[in-house]
Amino acid sequence: MIALLLAAAIAVAPSDSAALAETAIDFANAWKIDDAERTARRAYETAIVCDDRIGLARSLEAWSIATRLRGRAEEAMALAQESLIIADDADGRARANNAIGRVYADLLEDREEARSAFETALAIPVSDRRIFVRASLNLGNLALGERDLRAARKAFLQASEVATAIDDPEGRVAAAHNIGLTYSFQNDPNGALEWLVRAADLD
């Protein structure tokens, strides 16, 4: 048994778990939930073998996302909260808070807790600023659901500015599209058209 564990440790590197977790999230974003969950579990196992806390936190976050998409609120929240406990870096803590916020917003319909989690994520000084973009988009979507168009647009513009600065194409498209939605809800077809065309051009 020890020999098998040693062989496994030699075969994988700590970076493998984070890369697998990232792949799991890509599957989740494409709604390939079976693949996402399976890959997140592999990332989790790899992180344990490598004693990789950052990879472990990332894999739990990815696993939480896949579970949230299945509609299993309690399990998704438990995984996200475990990710937060394990994370010992700023990026990991911000990602975990973002995952927690999504469970509150999407499954538990607790807007105040969701807002608190997203704002906590935004307040953490991350090195990967894509995390900031995603948290801003999530906060904006929360406000949009409440028809607080001013707060929604502010969050989306913030996401757009940072996404542009760091050359994050997905973030730029999502931000532009959602800014267009705020104008649409405001019955401003010219503003909506400008931003929705911009989103289409960026895609």
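In which sense, left-handed or right-handed, does α4 pass α5 in this structure? The model I am showing is a predicted one, and in it α4 passes α5 in a left-handed crossing. Let me stay with that pair for a moment. Helix α4, which covers residues 53-69, packs against helix α5, residues 73-86, at an angle of about 165°, with the two axes 8 Å apart. Since angles over 145 degrees count as roughly antiparallel, α4 is therefore roughly antiparallel to α5.

If you look at the side of α4 that faces its partner, you will find Arg53, Leu56, Ala57, Leu60, Glu61, Trp63, Ser64, Thr67 and Arg68, and these meet Glu75, Ala76, Leu79, Ala80, Glu82, Ser83, Ile85 and Ile86 in α5. Sorted by class, the residues of this contact come out as nine nonpolar, three polar and five charged.

Next, please turn to α8 and α9. Helix α8 spans residues 130-145 and helix α9 spans residues 149-165, and they pack at an angle of about 165° with their axes 8 Å apart, so that α8 and α9 are roughly antiparallel to each other. Their crossing is left-handed. On the α8 side the contact includes Phe132, Val133, Ser136 and Leu137, while on the α9 side Ala151, Ala152, Ala155 and Phe156 are among the residues that take part. The contact of α8 with α9 divides into 14 nonpolar residues, four polar ones and no charged ones.

Helix α8 also packs against α6, which runs from 90 to 108, and here the axes come within 10 Å and cross at roughly 20°. That angle makes α6 roughly parallel to α8, and α6 passes α8 in a left-handed crossing. From α6 the contact uses Asp91, Ala94, Arg95, Asn98, Arg102 and Ala105, and from α8 it uses Ile131, Arg134, Ala135, Asn138 and Leu142. By class, this contact of α6 with α8 has five nonpolar, two polar and four charged residues.

Two of those contact residues, Arg102 of α6 and Arg134 of α8, bring me to the pockets. Which residues lie nearest the centre of the largest pocket? They are Ile25, Asn29, Arg102, Arg134 and Glu170, out of a lining of 30 residues. The space in this largest pocket is about 960 Å³, and its lining draws at least two residues from each of α2, α4, α6, α8 and α10. The lining of the largest pocket is made up of eleven nonpolar, seven polar and twelve charged residues.

The second largest pocket holds about 180 Å³ of space, and α7, α8 and α9 each give at least two residues to its lining. Among the residues lining this second largest pocket are Arg115, Glu119, Leu139, Gly140, Ala143, Ala151, Ala155 and Gln158; of these, Leu139, Gly140 and Ala143 of α8, together with Ala151, Ala155 and Gln158 of α9, also belong to the contact between those helices. The lining of the second largest pocket contains five nonpolar, two polar and five charged residues.

To close, I would ask you to keep α8 in view, since this helix packs against α9, is in contact with α6, and supplies residues to the linings of the largest pocket and of the second largest pocket.

Technical notes
Residues numbered from 1 in each chain as written. Predicted model: local features only at pLDDT ≥ 70, side-chain atom pairs only at ≥ 80, totals over all residues. Heavy atoms only, no water. Axes fitted to C-alpha atoms, helices over the stretch in contact; angles between N-to-C directions. Helix = DSSP H or I, 4+ residues; strand = E, 2+ residues; numbered from the N terminus. Parallel < 35°, antiparallel > 145°, perpendicular 65-115°, else oblique. Left-handed = near helix turned anticlockwise from the far one by under 90°. Contact = heavy atoms within 4.5 Å. Nonpolar A, V, L, I, M, F, W, Y, C, P; charged D, E, K, R; others polar. 1 Å grid on protein atoms, 1.4 Å probe; cavity = no way out; pocket = protein on both sides within 12 Å on 5 of 7 lines; lining within 4 Å. Points joined across faces, edges and corners; volume = space filled by probe spheres on them.
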